[in-house]
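User: I am new to reading protein models and would like to learn how the labels are given. Could you take me through some of them with the reasoning shown?

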Amino acid sequence: MKTIAAHGSWPSPVDAALAAAHDGRPEYPGVVGDELWWTAPRPAEGGRRALVRRRGDGAEESLLPAPWNVRSRVIEYGGLPWAAVPRPAGGPLAVFCHFPDQRLYVYEPDAASGAAPRPLTPVSWTGGGLRWADPVIHPDRGEVWCVLEEFTGPAPTDVRRALVAVPLDGSAADDRAAVRELSDGRHRFVTGPRLSPDGRRAAWIGWDHPRMPWDGTEVQLAEVTADGTFRRARTVAGGPAESIPQVDWDAAGRLLLVSDRTGWWNLYRADVDADGGLGEPAALCPRAEEFGGPLWKIGLNWFTPLENGLVAVVHGKGTTGLGILDPDRGTLADAVGPWTEWAPTLAAHGSRVVGIAASPHSSYELVELDARTGRTRVVGAAHTDVVDPAHHPEPRVRTFTGPGGREIHAQVYPPHHPGFTGPEDELPPYVIWAHGGPTGRAPLVLDLEITYFTSRGIGVAEVNYGGSTGYGREYRERLREQWGVVDVEDCAAVAAALAAEGTADPARLAVRGGSAGGWTTAASLVSTDVYACGTIIYPILDLRGWATDETHDFESQYLHGLIGSIDDVPARYKERSPIEHVDRVTAPFLLLQGLDDVICPPAQADRFLTRTAGRGVPHAYLAFEGEGHGFRRADTMVRALEAELSLYARTFGIVRTDVPELEYRT
């Protein structure tokens, strides 16, 4: 028999501290000899990323103690921050990027001397300094090849990127001139080089403003000479309207690439002739599914070739699975298991592939698939139920109808508690979650932040609004020049549909989101009357400021596609910006901001609050020192989550005494 109590008032074992302790996920797995390495979040240690290994006997251990933080800031969102190679004697040799100073370090974790990591690269005080990502160690050359991001002036757009070779002997630690450049600088953005099996050719991806990598990229192919220089680099695939997010080689020396030339990111293979030209790429498994995704970080991989000629692929529509593709037959065999989301970071070892996967009932863990037997097993960061799983909600994958009859994809998480239920005559409040990006997607996975609300009697609906990835290029380009319109309309349509069908209380709807989701939240509050309140998290609020000098280089021209050129449609930048319409805000809101955020800077939040002051709308502002774009520290996440619940309790008339009262301004 369940206890009847008002929605939102239910007690829950999932408190904010528990949710914060399990925030984040493992990333960037790699095989080093018979060991598996990856990076892991440490919210309780200032949000650092630890480098972890699983030994051959199954024991897991951290390779580097605090305060070592294995994380790159290239394009601010980062990328692959480490590489390692086994050695016959002395144990593995590792190279990694340390977040505070962004230098590359070399480390021998099993060396008898127990020496600390040694710097390989210098510090630069120009602009954002020197940054490194996507390293590959070449011990025979005594170098590590990677992407260099170099600031040339004080502005966030005073930056160049190149493929470089860094000596492993430490000679570049105090001398930038010792870093050998490999690429010719023809592209503003580049991924790391991938060497052909014979070492004679290198392939990488480049693109330029105003394109984003999901708009159009180009594959570069160069000869690698005996002294390790690149020669005769040329563009062999891609273009302004073709997005290629990954390239690699198969064992026979053929180029593998993911392209959306048909409207879906599919996998292709092409021969390279003796002169370095590329034959016509052939689709290996043409489907109306995605075998790739948005390149938000440098070094992501949706596929990895195996030694037997097969290719492991992450693919799907809406959700993703891990499959083994036979490129000659075009057949695809999917891994068996509960996982509904596989991260685009695969690692191969012989006929086995390791990925990072999660499901609605399990957090992200490292899973190994044996391509010979089809068997899967968890091999690292194994999920454990920190509370009785009966408290987790059961998601419902839904397709709603938006303006003009367009489809809107969403995941709905109804309120759920094994011991409580709401009164028959009361509909529950719901919070509409708008994901970041906006070129991204809300994955169908266990999220303790969602459980935090649903186990208290508050429903959550994650909306993959028009512009989201996972549903083909046509779906994601619905947002072209329509940001602040389509995303707002789609979220409102889902909220209205939930209310109309009797799932949600129409008077107790909220909207929340971070980054681009923060923009959608703020834009919703100034342009609709659907929501009773909103939680705006490290948002974009002023398009004109963001389009000039108030964000980082990577996204500095993102608005060309999302809004249009500021030179061509300047009025649209004012019309769409929430900061220009604070007089329309009538619903209470909570604004959460990291003070070290260089992507969505606190200056925009400050201006928004200044214009809001004195208008009589209750609002609260929490700013967090030491936090950037995306909260990583446990204490920050606890305060933010409790503040959000406090906002909903006050607005929805819910009695709770277990969260601090917010200090409101008007």
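**Labels and the reasons for them**

User: Why is Arg607 called partly exposed?

Analyst: The model is a predicted one, and Arg607 has a relative accessible area of 27%. Buried means under 20% and exposed means over 50%, so Arg607, at 27%, is partly exposed.

User: What makes Asp542 and Arg607 a salt bridge?

Analyst: Their side chains meet with N and O 2.8 Å apart. The cut-off is 4 Å between a side-chain nitrogen of Lys or Arg and a carboxyl oxygen of Asp or Glu, so the pair qualifies. Asp542 lies in the loop between β38 (533–539) and α6 (543–546), and Arg607 in helix α9 (residues 602–612), so the salt bridge ties together parts 65 residues apart in sequence. Asp542 itself counts as buried, at 10% relative accessibility.

User: How do you know that Arg480 and Glu477 form a salt bridge?

Analyst: The N to O distance is 3.8 Å, and the limit is 4 Å, so this pair is a salt bridge. Arg480 is partly exposed at 38% relative accessibility, and Glu477 is partly exposed at 30%.

User: What does the salt bridge between Glu341 and Arg441 tie together?

Analyst: The closest N and O atoms of Glu341 and Arg441 are 2.9 Å apart. Glu341 lies in strand β27 (residues 341–342) and Arg441 in the loop between β35 (430–434) and α2 (448–454), so the pair ties together parts that are 100 residues apart in sequence. Glu341 has a relative accessible area of 8% and is buried.

User: How many salt bridges does the rule give?

Analyst: The count comes to 56 salt bridges.

User: Why does Arg201 have no salt bridge?

Analyst: The nearest side chain of opposite charge is that of Asp198, 5.1 Å away. A salt bridge has to be within 4 Å, so Asp198 does not qualify. Arg201, in strand β16 (residues 201–207), is buried. A polar atom of the Arg201 side chain lies 3.2 Å from the backbone oxygen of Ala274. Residues that Arg201 touches include Trp249, Asp273 and Asp275.

User: What makes Arg473 buried?

Analyst: Arg473 has a relative accessible area of 11%, and buried means under 20%, so the label follows. Arg473 is found in helix α3 (residues 473–476). A polar atom of the Arg473 side chain lies 2.8 Å from the backbone oxygen of Asp215. Beyond its neighbours in sequence, Arg473 is in contact with residues including Trp214, Glu242 and Glu290.

User: Why is Glu426 partly exposed rather than buried?

Analyst: The relative accessible area of Glu426 is 21%. Buried requires under 20%, so Glu426 is partly exposed. Glu426 lies in the loop between β34 (420–421) and β35. Leaving out residues up to four places away in sequence, Glu426 touches Ala6, His7 and Arg508.

User: What makes the phi angles of Gln102 and Asp134 worth listing?

Analyst: Phi of Gln102 is near 60°, a positive value in a residue other than glycine. Phi of Asp134 is also near 60°. Most residues other than glycine have a negative phi. Gln102 is found in the loop between β7 (93–97) and β8 (104–107), and is buried at 4% relative accessibility. Asp134 is found in strand β10, and counts as buried at 1%.

User: Where are cis peptide bonds found?

Analyst: The bond from Ala66 to Pro67 is cis, with omega near 10°. Another cis bond joins His209 and Pro210, with omega about 5°. Most peptide bonds are trans. Pro67 is found in the loop between β5 (60–62) and β6, and Pro210 in the loop between β16 and β17 (218–224).

User: What makes a space a cavity rather than a pocket?

Analyst: In a cavity a 1.4 Å probe fits but cannot get out, whereas a pocket is open. There are five cavities of 30 Å³ or more, and the largest cavity has a volume of about 90 Å³. Residues lining the largest cavity include Asp134, Arg194 and Ile205. The second largest pocket holds about 1,200 Å³ of space. Of the 40 residues lining that pocket, the closest to its centre are Val136, Arg194, Asp248, Thr304 and Ala348.

Note on methods: Residues are numbered from 1 along each chain as its sequence is written. This is a predicted model: local features need pLDDT of at least 70, side-chain atom pairs count only at pLDDT 80 or more; totals for chains, interfaces and linings use all residues. Side-chain values use heavy atoms; hydrogens and water are left out. Helices (H or I, at least four residues) and strands (E, at least two) are DSSP runs, numbered from the N terminus. Buried means under 20% relative accessible area, exposed over 50%, partly exposed in between (1.4 Å probe, protein chains only). Lys and Arg count as positive and Asp and Glu as negative; His and the chain ends are not counted. A polar contact is a pair of N or O atoms within 3.5 Å; within protein, one must be able to donate a hydrogen and the other to accept it, and residues adjacent in sequence count only if both atoms are side-chain atoms. Contact means heavy atoms within 4.5 Å. On a 1 Å grid over the protein atoms alone, a cavity is a set of points where a 1.4 Å probe fits but cannot get out, and a pocket is an open set with protein on both sides within 12 Å along at least five of seven lines; lining residues have an atom within 4 Å of a point. Grid points are joined across faces, edges and corners, and a volume is the space filled by probe spheres set on the points.
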